[in-house]
Amino acid sequence: LRLLVGGIFAFSGFVKAIDPLGTIYKVNDYMAALQIVLPDSIVLFSVFSLFTFEFLLGVSFIFGCYRRLAPIGAVLLMLIMTPLTLWIAMENPVSDCGCFGDALIMSHWETFWKNIVLSVMLGWLVVFARKSRCFIIPTLQWLMVAVTVMFVNAVAGYGYIYQPLMDF
């Protein structure tokens, strides 16, 4: 279960990082639908923070790092995303949620139910993840965080400055 949840979060964060401009466009669509105007620098920082956090959560789940903190961080993210996807499903303000960039486009209701199932899995992980095996010793987990953050931001930086590594 931990590997499945980790794979979902890592995939979601990675495909957003590959095409950060596409993610920025999607966030701007949301902001327009909500009639919120934010400076470009805040949107840029928010987008980079979002996919970095998602990818870091995914890698943490996969390697069994931060077994208490990662599920709680993912639950907090889902507390924001699940009501947002319910609103999208009910009101249809944007063409697609952008959860997996352009790599995997899901209907609004599929996205909402995916978030419900993911939230249930996360609830289980909050309770039982500490019993799972950690592949990186706790004293070196900070290194996994540093490498993961540098990797995903290098991919995103390349996509932002030049062009995405892949075109979905």
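In which helix is the place of Leu 79? Leu 79 sits in helix H4, and that residue makes a handy starting point for a walk through this model, which is a predicted one. With a relative accessible area of 56%, Leu 79 is exposed, because the cut-off for that label is over 50%.

Leu 79 has company on the surface. Together with Leu 1, Leu 4, Ile 72, Leu 76, Trp 124, Val 126, Val 127 and Phe 128, Leu 79 forms a nonpolar patch whose accessible area adds up to about 830 Å². Two elements give two or more residues to this patch: helix H4, spanning 69–91, and helix H5, spanning 108–128. Of these, H5 provides the largest share, with four residues. It is worth setting this patch beside a general tendency: in soluble globular proteins, nonpolar side chains tend to be buried together.

Let us now turn inward. The largest nonpolar core is made of 17 residues, and Val 47, Phe 51 and Met 144 have the most contacts inside it. Four helices each supply at least two residues of this core: H1 (2–18), H2 (20–33), H3 (40–63) and H6 (141–161). The greatest contribution is that of H3, which gives seven residues. For a closer view, try centring your display on Val 47. Leaving aside residues up to four places away in sequence, Val 47 touches Pro 20, Thr 23, Ile 24 and Val 27.

There is also a second core, separate from this one, with 13 residues. Among its members are Phe 61, Ala 74, Met 78 and Leu 122.

Finally, the loops deserve a visit for their backbone angles. Most residues other than glycine have a negative phi, so a positive value is a good reason to pause. Gln 35, in the loop between H2 and H3, has a phi near 55°, a positive value in a residue that is not glycine. The loop between H3 and H4 holds another case, Tyr 66: its phi is positive too, at about 50°, although Tyr 66 is not a glycine.

How exposed are these two loop residues, Gln 35 and Tyr 66? Gln 35 has a relative accessible area of 73% and is therefore exposed. Tyr 66 comes out at 29% relative accessibility, so it counts as partly exposed, a label that covers values between the buried limit of 20% and the exposed limit of 50%.

Note on methods. Residues are numbered from 1 along each chain as its sequence is written. This is a predicted model: local features need pLDDT of at least 70, side-chain atom pairs count only at pLDDT 80 or more; totals for chains, interfaces and linings use all residues. Side-chain values use heavy atoms; hydrogens and water are left out. A nonpolar core is a set of buried Ala, Val, Leu, Ile, Met, Phe, Trp, Tyr and Cys residues joined through side-chain atoms within 4.5 Å. Buried means under 20% relative accessible area, exposed over 50%, partly exposed in between (1.4 Å probe, protein chains only). Contact means heavy atoms within 4.5 Å. Patches are made of residues with over 30% relative accessible area and no salt bridge: like charges are joined within 9 Å, nonpolar side chains (Val, Leu, Ile, Met, Phe, Trp, Tyr) within 5 Å. Accessible areas come from the Shrake-Rupley method with a 1.4 Å probe; for residues, only the protein chains shown count as cover. A salt bridge is a side-chain nitrogen of Lys or Arg within 4 Å of a carboxyl oxygen of Asp or Glu.
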